[in-house]
Amino acid sequence: NSLCRPDWPQLTDLPASASVGIKGYCHCAWPYRCIFNNSYARIQLLKIQEAKAPSPSINRQTSIETDRVTKEFIDFLKTFHKTGQEIYKQTKMFLEAMHYKRDLSIEEQSECTQDFYQNVAERMQTRGKVPPEKVEKIMDQIEKHIMTRLYKFVFCPETTDDEKKDLAIQKRIRALHWVTPQMLCVPVNEEIPEVSDMVVKAITDGLKACASDKLACITRCSKHIFNAIKITKNEPASADDFLPTLIYIVLKGNPPRLQSNIQYITRFCNPSRLMTGEDGYYFTNLCCAVAFIEKLDAQSLNLSQEDFDRYMSGQTSPRKQESETWSPEACLGVKQMYKNLDLLSQLNERIMNEAKKLEKDLIDWTDGIAKEVQDIVEKYPLEIKPPNQPLAAIDSENVENDKLPPPLQPQVYAG
C-alpha cells in the first residue's frame, strides 16, 4: 500500500499481551477488527495512537459544514452498496495521504488531486462497470467531500501569490468604478425593476467552500445575467451580449478574493466539469472578463487617452443622467442621488481646474522674480575690490622708515 508509512504502528510495536485477541490486520498491520482480552491492551494501543499521530480525520475537530457534507456523502454512497464502500475507502485513504503532503507545493497537491479524480473515475468504469452518467454524479460528490475537508489547507495558501493578485485586481476594479454600461455596450436596462433584481442577484451570489459549489455559483450568476438581458431586449441573449454584461457585473460587484477563487477552481475542480458543459463555458467567460479588466485601456472603451487618464485619476467622471431623462417610475431618491453626484463631479472638476491655475500662477511668479533679480544683477554688477595693505606697527622694524628717531627709552635717575 502506497499509503503505508514507517512511523505508523506495526504489529511488532505492540507488546505481546496487547496482541492477544486481535483477530486481523490490514496491509499496514493496522488493526481494523479488534477484541481485547484485558484493559492493558486498550491502554497500550491508545498510547501508541497518541505517540504516532494518526490522520487528522480521526483527531481533528471537524466543523459543522464538514460533518454535514460527510454525512451526505456517506448517505449517497449507501445506494451503490459494494461500489460505494470501495469509493469511501479510496476517498478516506486519499485524505489521509494528503494530510502528509501539506508540505508539498500547491501545484503538486493539485496534481495529486487530479490524478485521484482520474484513477477513481477509470476504476468505476472498468472494474465497477458504472454507467458514465452515474460516474459524473459520483465524481461530483467525491469532489465536494474531499475539497470541503481540504479547503482551508489549499485555498489561497501562503506559499503562493494568490493574495497579492487578489489585492491587485481589487484595486484595479476600484479604479474603474466610473465605467458605465454604455461604454461597455451592455444591453441591460437597470431602470426595469425586474432587471435590477437580476443584476443584484448576479452580484450577491456568494462563492462557497467546495470547488464545484463555487463553479455552481458562477453558473447561477451567469443565468441571472442572461435573464436580465432577455427581459431588457425581449429576446434570447447571445454570447456577444453576455460577455460585456459579465464584465460590467464584475466591475460593479468587485467580488472578494477573485483571483484566489479562480486559481482554486482551476487547481482542484474535477476537470471534466471545466472542459465540458455550461459550467466550463461560464467559467471560461469569467476568466476572459478578468483578463479584459486587467488590460482595459482607452481604446477598449472608445475614449480618448486624455479622458481615460482623467477618469482614472479621479479628476472627473462621465456625466451622469440628467433629471429630465429619468422615467416617471424612477425613485425620487435615486434621481436626487444622481443629481448630487453630478454636482459633486462638476465641483470637483472646477476645484481641479482652479488648483491647476493656481499652480501655474505660482510657477510664473517664481520665474518672474528670478528674472528680475537676474536683470538687476546684470545692470548693476557688484565689483569686489582687493583688500588694502595693513599698516605697519609704529615700533616694528621697517627699513623704509629708517630715518625716524629711535623710540624713547625710559631713563633712571638716582636721587
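This passage describes the overall make-up, the covered helix H11, the salt bridges and a charged surface patch of a predicted model.

The chain has 415 residues, of which 34% count as buried, and its secondary structure comprises 15 helices and two strands. Among the contacts with a separation of 6 or more, 68% are accounted for by residues 24 or more positions apart. The accessible surface of the chain amounts to about 27,300 Å², and carbon and sulfur atoms contribute 55% of this area.

Helix H11, which spans residues 258-268, is mostly covered, with nine of its 11 residues buried. The buried residues of H11 include Leu258, Ile262, Ile265 and Phe268, but Gln259, Ser260, Asn261, Tyr264 and Arg267 are likewise in the buried set.

In total, 16 salt bridges were counted in the model. Arginine 273 takes part in a salt bridge with aspartate 140, in which the closest N and O atoms are 3.6 Å apart. Because arginine 273 belongs to helix H12 (residues 271-275) and aspartate 140 to helix H6 (residues 132-154), this pair ties together parts that are 133 residues apart in sequence. The two partners are covered to unlike degrees, since arginine 273 has a relative accessible area of 14% and is buried, while aspartate 140, at 24% relative accessibility, counts as partly exposed. The side chain of arginine 273 also meets that of aspartate 279 in a salt bridge, with an N to O distance of 2.5 Å; aspartate 279 counts as buried, its relative accessibility being 16%.

A further salt bridge joins aspartate 307 and arginine 310, whose closest N and O atoms are 3.7 Å apart. These two residues, aspartate 307 and arginine 310, lie three residues apart in helix H14 (residues 305-313), so that about one helical turn separates them. Aspartate 307 is partly exposed, with a relative accessible area of 26%, and arginine 310 is also partly exposed, at 24%. Elsewhere, Arg68, Glu72 and Lys144 are joined into one network by salt bridges that share partners.

On the surface, Glu107, Glu108, Glu111 and Asp115 form a negative patch. Glutamate 108, one of the patch residues, is located in helix H5, which covers residues 106-126. The relative accessible area of glutamate 108 is 39%, and the residue is therefore classed as partly exposed; this value is compatible with membership of the patch because patches are made of residues with over 30% relative accessible area.

Technical notes: Residues are numbered from 1 along each chain as its sequence is written. This is a predicted model: local features need pLDDT of at least 70, side-chain atom pairs count only at pLDDT 80 or more; totals for chains, interfaces and linings use all residues. Side-chain values use heavy atoms; hydrogens and water are left out. Patches are made of residues with over 30% relative accessible area and no salt bridge: like charges are joined within 9 Å, nonpolar side chains (Val, Leu, Ile, Met, Phe, Trp, Tyr) within 5 Å. Accessible areas come from the Shrake-Rupley method with a 1.4 Å probe; for residues, only the protein chains shown count as cover. A salt bridge is a side-chain nitrogen of Lys or Arg within 4 Å of a carboxyl oxygen of Asp or Glu. Lys and Arg count as positive and Asp and Glu as negative; His and the chain ends are not counted. The place of a charge is taken as NZ of Lys, CZ of Arg, CG of Asp or CD of Glu. Helices (H or I, at least four residues) and strands (E, at least two) are DSSP runs, numbered from the N terminus. Buried means under 20% relative accessible area, exposed over 50%, partly exposed in between (1.4 Å probe, protein chains only). Contact means heavy atoms within 4.5 Å.
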